[in-house]
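Hi everyone, thanks for making time today. I'd like to walk you through a structure that is new to most of us, so please settle in and have a look at it with me.

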Amino acid sequence: MAYNSPFQSAPQHDRQHLNHKVSDLSDSPYACDEASPARIRGRESLVSLQSSYGSPQLDSTWDGNTNEPGSSWSSPFGGPPGGRYQPVSPPSRSASTFGRFKSFRTRVQDTIHEDESIDMALLGAAAQPGQSTSYEPVPANEPAVDLSSFSGPMGHQDREFLRVLQEQEASGKLTGGIGEGMSPKTTIKGDQLVASSPLKRSFTRSFSMKRTPTSKSRAGIKELGQNEANRRGEVIEVIMEEPTDVDLSSMVGPNAAGMNPNRMSRSQLPMQPSKTEVFYPQPNWKPFSMRWPYITGIILLSVGLAISMEILYQKSAQEPLIKFQKATDIGPGYYFIFKFVPTIITVAYGVLWQNTDFEVRRLEAFYQLSKEGGALATESINIDYVTLFNFARPFRALQWKHYAVATSSIATLLAVSLVPTLGAATLVLGPDRDTRLLDPNAERTITLHPILSRLLTMSFFIIAVLGCALFYQLNSRRSGLLSDVKGIAGLASMAVVSHIMMDFKDMDVAKPKDIHNRLKFRRYALRNSSLVPEDSTPVSRLESDKYKDAHLPENPHPLMLRAEGCIPFIIGILLFLGFIPVFLFTPASALTDKAPWVVTALAVCIKLTWGSLETAIRMLEPFYILSKRHAPAKTLTLDYSAMPFAVVAFRALFNRHWLVFLVGWGTIMVEALTIFVTSLATVEGKDYLEILNRVEEEHDDEGGEFLQKGLGSGSETVLSFTVTLVLTALILLYLCVVAATVFVRRRHPFLPRQPNTIASVLAFVHQSKMLYDFVGTAKFTNAQMRGRLESLGKTYGLGWFEGRDGGTHCGVDEEELSNNYKHGVDYSQGNKPWLTQWQVF
């Protein structure tokens, strides 16, 4: 707008120019004269505008107000008293309209014509209506500050802000950085990616001018894009360019008369179609027991044991391996090798396979999530291979086409159960039992059973083949993990990036069947170390019909911690303890002489059952600590189920978790039980009793030399038999006492369901306020996560709490909670006793 000035000047039309001060900040197409200032200056208001481009300087004064020459600013109130701003005239170029305006000489400050005073070059940078410039992003390295620690009592504005957040959470909108998603940090063109690729053309292709087919080019660019994302360790976006067959722009002829080629719209020109694709890094962390050196080692060990068994059998077929008349004739070294080394080798061989099998089953869900297109919830986050019964795992894995788990489970079952049993039955003591009893001084021999030894050799070869198949399966796919996922904190950090938590709404105390029905038709994926819903791949009819029924146990307590599981196990241990003197000192010893593998098979059954008990204690220990309230931050990162054999006992001892230590130490002792029980299977207990009776009658200790006397019908001495028998009884008593202690201390359920799947754990924390502390921790290691949580100084518990949506929820959250969890009592219902499940209270 302009205002009327009292100054009148003579007309000077030759000094009038179209350029003015407004275009001083733009790239105007109009050429400025040399006298115009070239530097960039501040923009004046249109009200007080006095153009310095060709405008005359004020040479007169009014009311004592003087405008100095060269000044680009004029007084905004330079008019007479009572003067007002004159509105901008309508844009018209007619002579009648132009005549109303004075020249620059007659009117120094004239009306600005909008039709000629607007710089069209400014329109390119104009903001769209209703939009504003966004704020600058917060730097990634800016430390997080918890402002709540500086605040006092909550005021009205704080309550209003909290109410808004709760309303957003209740409506399905995640807050506080949860569910922000992932965006590419780098954009790369496909041509640049190919140019920077280290791949080289082959010698024959370097002379070929034939273009690679488009499909192959895209496949190659996709491979390069994935490799680049893996190398960078971040999400990248690649522009996939597909060249057209014909470039129509080369056929454009001369311009038509009067047509400006610059006015041709971009849609009229043939454009090169392009497509962008996002690539996520696919790390491939795996524990040592799943890496190629370890798998290769147990494969070579299997082959070596099979060859050794065949060599020993060939040698045994020609002549006995060992000859002796009395047990004292065998040296201590030969005795140890004969009695213990074979069983130690077979038991240790099974432990090596157990370590691999445990990790394969634990991480299979993440391998499924890392596949292209993700996996169904039933095949990934809602799958349970940890607590599933040993002999049922291969069949369930084959049903879901998880061939790595099936291969590992079969190989482990053979190595843990069949190999020790055949190893104990392969060694044969000759002659037979009746001959040894009739002639105590007869020569005794140790040979290999021709059939059982060949079965053991075949077992080793079969396990080696399964190991090769497992080696291929583990190295032909990527885990998608950057580090080990341990505890509640590991899963929570992976789930805060996407909106996956909204899938568990109102499922705090839901049963596994309800979770299965909610998620069975949903697909999830592991992208950039984060769990995300995969909505791009629909569920087929075959997949929807395949997983209609739930397979998870409905009872919130594992079987081995309930009366129907633990009490029969304790009774079985006591029966086995009573069976030992029966087959040693009664005529029932004929059974073990004909089938010595029976005792070893019973010991293996005890070992497998004890493993189920240990698995339940491992899985529930962090949640049991949280149920006691005010647990330290390290409880969220504690995961006994991710620790290898024998490490659990020492770690629990260090953490002072005594029950876990007792159970873990029992796992070590149950392996020794198999070794000791196998050595007792070939002993005739009657000889032992006769020697003891003879010593008592003659009162002849001979300085303890009777301990070195051999048992006439076997290969044991009195001392070795006594030590083996005592150790076997002590181990069985220890297992019985520990199992009874576990049942007494852990028989009551303290969770609404078992935390045996990823989905079950996420349902416990989907409304927890502590999830705000896990934002941006998806790539943290377990040690980094523990350090972060401990630096916050918070404690955690399991029970009822007020969630982020303002409602009452059950699960794991930071203290203070509203109330403890009591099985069968729904605290969210308030004082409604008619809704209480008194039958389970």
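I'll go through a sheet, a hairpin, two helices and then some contacts of aromatic rings. Please keep in mind that this is a predicted model.

Let's start with the sheet. It is open and has three strands in the order β7-β10-β11, paired antiparallel. The strands at the edges are β7, residues 375-376, and β11, residues 530-533; each has a single partner strand, so one side of each is left without a neighbour in the sheet. If you look at β7 and β10, the latter covering residues 523-527, you'll find two bridges joining them. One residue to pick out is leucine 376, whose bridge partner in β10 is arginine 523. There is also a helix packed on this sheet: α8, residues 341-369, touches β7, β10 and β11. The direction of α8 makes about 95° with that of β10.

Now for the hairpin. Strand β12, residues 796-802, and strand β13 run antiparallel, with seven bridges between them. Within that pairing, glycine 797 stands opposite aspartate 813 of β13. Five residues lie between the two strands, and in this hairpin glycine 806 takes a positive phi near 85°. How much of β13 is covered? Most of the strand, which spans residues 808-814: six of its seven residues are buried.

Next, two helices, beginning with α13, residues 487-495. Nine of its nine residues are buried, so α13 is largely enclosed by the rest of the structure. Among them are Ile488, Leu491 and Met494.

Helix α19, residues 647-655, gives us another picture. Which of its residues are buried? They are Val648, Ala649, Ala652 and Asn655. Looking down the axis of α19, you see these buried residues fall within an arc of 130°, so they line one face of the helix. As a reminder, an α-helix has 3.6 residues a turn, so residues three or four places apart point the same way. The buried residues of α19 pack against α18, residues 597-627, and α20, residues 658-680. On the other side of α19 sit Phe650 and Phe654, which are exposed. Just after this helix comes arginine 656, with a positive phi of about 65°.

That brings me to the aromatic rings. How many aromatic pairs does the structure hold? There are ten, and I'll show you two. Phenylalanine 389 and phenylalanine 391 form a tilted pair, at 5.8 Å centre to centre and with 45° between the planes. Of these, phenylalanine 391 is partly exposed, with a relative accessible area of 42%.

My other example is tyrosine 624 with phenylalanine 750. Their ring centres are 5.3 Å apart and their planes stand at 70°, so the pair is edge-to-face. Tyrosine 624 lies in helix α18, while phenylalanine 750 is in the loop between α22 and α23, so the pair ties together parts that are 126 residues apart in sequence. Both tyrosine 624 and phenylalanine 750 are buried.

Finally, let's see where some arginines sit. Arginine 618 lies over the face of phenylalanine 358, at 5.5 Å from the ring centre. Over the ring of phenylalanine 764 you'll find the charged end of arginine 753, 4.1 Å from the centre of that ring.

That's my tour, and I'm happy to go back to any part of it. Thanks for listening!

Notes
Residues are numbered from 1 along each chain as its sequence is written. This is a predicted model: local features need pLDDT of at least 70, side-chain atom pairs count only at pLDDT 80 or more; totals for chains, interfaces and linings use all residues. Side-chain values use heavy atoms; hydrogens and water are left out. Two strands pair if DSSP finds at least two bridges between them. Helices (H or I, at least four residues) and strands (E, at least two) are DSSP runs, numbered from the N terminus. Contact means heavy atoms within 4.5 Å. Axes are lines fitted to C-alpha atoms, for helices over the stretch in contact, and angles run from 0 to 180 degrees between N-to-C directions. Buried means under 20% relative accessible area, exposed over 50%, partly exposed in between (1.4 Å probe, protein chains only). The arc is that of the directions from the helix axis to the C-beta atoms. Rings of Phe, Tyr and Trp (its six-membered ring) pair if their centres lie within 6.5 Å; planes under 30 degrees apart count as stacked, over 60 as edge-to-face and the rest as tilted. A charge sits over a ring if NZ of Lys or CZ of Arg is within 6 Å of the ring centre and within 35 degrees of the ring normal.
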